Amino acid sequence: MKITDIMKDRLTVSFETFPPKDGRPLEPIMNVIDKLMVFKPDFISCTYGAGGTNKGQQSDIVRHIESAGTHALAHHTCIAASKEDIAETVEEYMGFGVEMFLALRGDFPVGQTTTGGDFDYGCQLISFLREKYPRLTVGGGGYPEKHLNSLCIEQESEFLLAKQEAGADFITTQLCHDIDNYCRYIERARKAGFTLPIVFGIMPVLSVKPTLRMALSNGCSIPRELAEIIGKYGENPEDFKKAGKEFTVKQIERIVKEDIAGVHLFTLNKFDDVADIYKASVLKDIH
């Protein structure tokens, strides 16, 4: 059953993983994937390094996800990618069962102002995949609090419509700690005519520096409740993690009541912390 068919019946629950850096062994992330299967995820995604820098490791990971018994959502970007490069990767992955791809523009490498590939925008990559591989399920990215390169927040609705017109099946959002901002984002998009299902990407709050770094690097705001947690527990890692997990559970409790098709938890390749959040939230009752 296609993931979009499942979305018509209930919320999906999924997880994001990423290849280890600097050639580190794959065994730890493979173990995380195996453990995540206890939650019967609808799919598990794996990110893609800029310019395909993690392609070999991503290939091994998505193959493992498929063999573990769920769908793999393989990320692919436009960075330094020709049509031939993309087709080679897609056909390799399809060969071991992958039928879902998340098509993204990707972040420009330091010092560059273009993708350096055949496509400049995610919607162009979506269109290419849709036309060349019509049986694939193709997702696109969404930015609830405005992509750093967007001119204004209203432009995000235009980008969503472009991805819809290009043939995307669903959208997965970048992290967003402020649910009110997400709701406004969706309201604008729906009024503009966007109809695709949206999977909400949620970044667990586990430690101060990574929380701030990922929020700032993505132009993501820090709502007052999270700011108070940082101010109150920022000097105590264990207390901060406990409060951060509780904050993440509250985020999930609220977002499942809004206009979403699924919850996509960024695991940070950590099982135990994500498992605590899952078990304490309504996600455990979805399956």
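In this predicted model, strand β8 shows two sets of side chains: Gly-262, His-264 and Phe-266 point one way, while Val-263 and Leu-265 point the other way, and all of them are buried. That pattern fits a simple rule of thumb: in a regular strand, side chains alternate between the two faces of the sheet. Since five of the five residues of β8 are buried, the strand is largely enclosed by the rest of the structure.

What sits alongside β8? Strand β1 (residues 12-17) pairs with β8 in the parallel sense, over five bridges. Within that pairing, Phe-15 has Leu-265 as its bridge partner in β8. Strand β7 (residues 198-202) pairs with β8 as well, again in the parallel sense, this time over four bridges. Here Val-199 is matched with Gly-262 of β8.

Zooming out, β8 turns out to be part of a barrel: eight strands close up in the order β1-β2-β3-β4-β5-β6-β7-β8, with parallel pairing. From one strand to the next, the twist averages 25°. As a reminder, strands of a sheet pair through backbone hydrogen bonds, and they can do so either parallel or antiparallel.

Moving round the barrel, strand β3 (residues 71-77) and β4 are held in parallel by five bridges. One of the facing positions there is Thr-77, which stands opposite Leu-104 in β4. Helix α5 packs on the sheet, where it touches β3, β4 and β5, and its direction makes about 150° with that of β4.

Next door to β4 comes β5, and four bridges join the two strands, which run parallel. Met-100 of this pair stands opposite Thr-137 in β5. Taken together, β4 (residues 100-104), helix α5 (residues 122-132) and β5 build a β-α-β unit that is right-handed. The chain then crosses from β5 through helix α6 (residues 155-166) to β6, and this β-α-β crossover is right-handed too. Strand β6 (residues 170-173) runs parallel to β5, and four bridges join them. In that pairing, Gly-142 finds its bridge partner in Thr-173 of β6.

How covered is β5 itself? The strand spans residues 137-142 and is mostly covered, with six of its six residues buried. Thr-137, Gly-139 and Gly-141 point one way from β5, Val-138, Gly-140 and Gly-142 point the other way, and all are buried.

A single residue gives another view of the barrel. Ser-45 is found in strand β2 (residues 43-46). Is Ser-45 buried or exposed? Its relative accessibility is 0%, so Ser-45 counts as buried, the cut-off for that label being under 20%. Leaving aside residues up to four places away in sequence, Ser-45 touches Phe-15, Glu-16, Thr-17, Ile-65, Leu-73, His-75 and His-264. Among these contacts, Phe-15 has already come up as the bridge partner of Leu-265, and His-264 as one of the buried residues of β8.

The helices have their own packing to look at. Helix α7 (residues 179-192) and helix α10 (residues 237-255) pack at an angle of about 30°, and their axes are 11 Å apart. That angle is why α7 is described as roughly parallel to α10, a label used for angles under 35 degrees. The crossing of the two helices is right-handed. On the α7 side, Ile-179, Asp-180, Tyr-182 and Cys-183 take part in the contact, meeting Gln-251, Arg-254 and Ile-255 of α10.

Helix α10 also figures in the surroundings of Ile-229, a residue that lies in helix α9 (residues 224-233). With 9% relative accessibility, Ile-229 counts as buried. Not counting residues up to four places away in sequence, Ile-229 touches Gly-234, Phe-240, Ala-243, Gly-244 and Phe-247. Phe-247 is 18 residues away along the chain, with 8.7 Å separating its C-alpha atom from that of Ile-229.

Back at β8, the loop that links this strand (262-266) to α11 (271-280) contains Leu-268. What is the sign of phi at Leu-268? Phi is positive there, about 55°, although Leu-268 is not a glycine. Leu-268 has 22% relative accessibility, so this residue counts as partly exposed. Asn-269 has its place in the loop between β8 and α11 as well. Phi of Asn-269 is near 60°, again a positive value in a residue other than glycine.

Terms used:
Residues numbered from 1 in each chain as written. Predicted model: local features only at pLDDT ≥ 70, side-chain atom pairs only at ≥ 80, totals over all residues. Heavy atoms only, no water. Buried < 20%, exposed > 50% of the residue type's maximum accessible area, 1.4 Å probe, protein only. Pairing = 2+ DSSP bridges. Right-handed = clockwise from strand over helix to strand, strands pointing away. Axes fitted to C-alpha atoms, helices over the stretch in contact; angles between N-to-C directions. Parallel < 35°, antiparallel > 145°, perpendicular 65-115°, else oblique. Left-handed = near helix turned anticlockwise from the far one by under 90°. Contact = heavy atoms within 4.5 Å.
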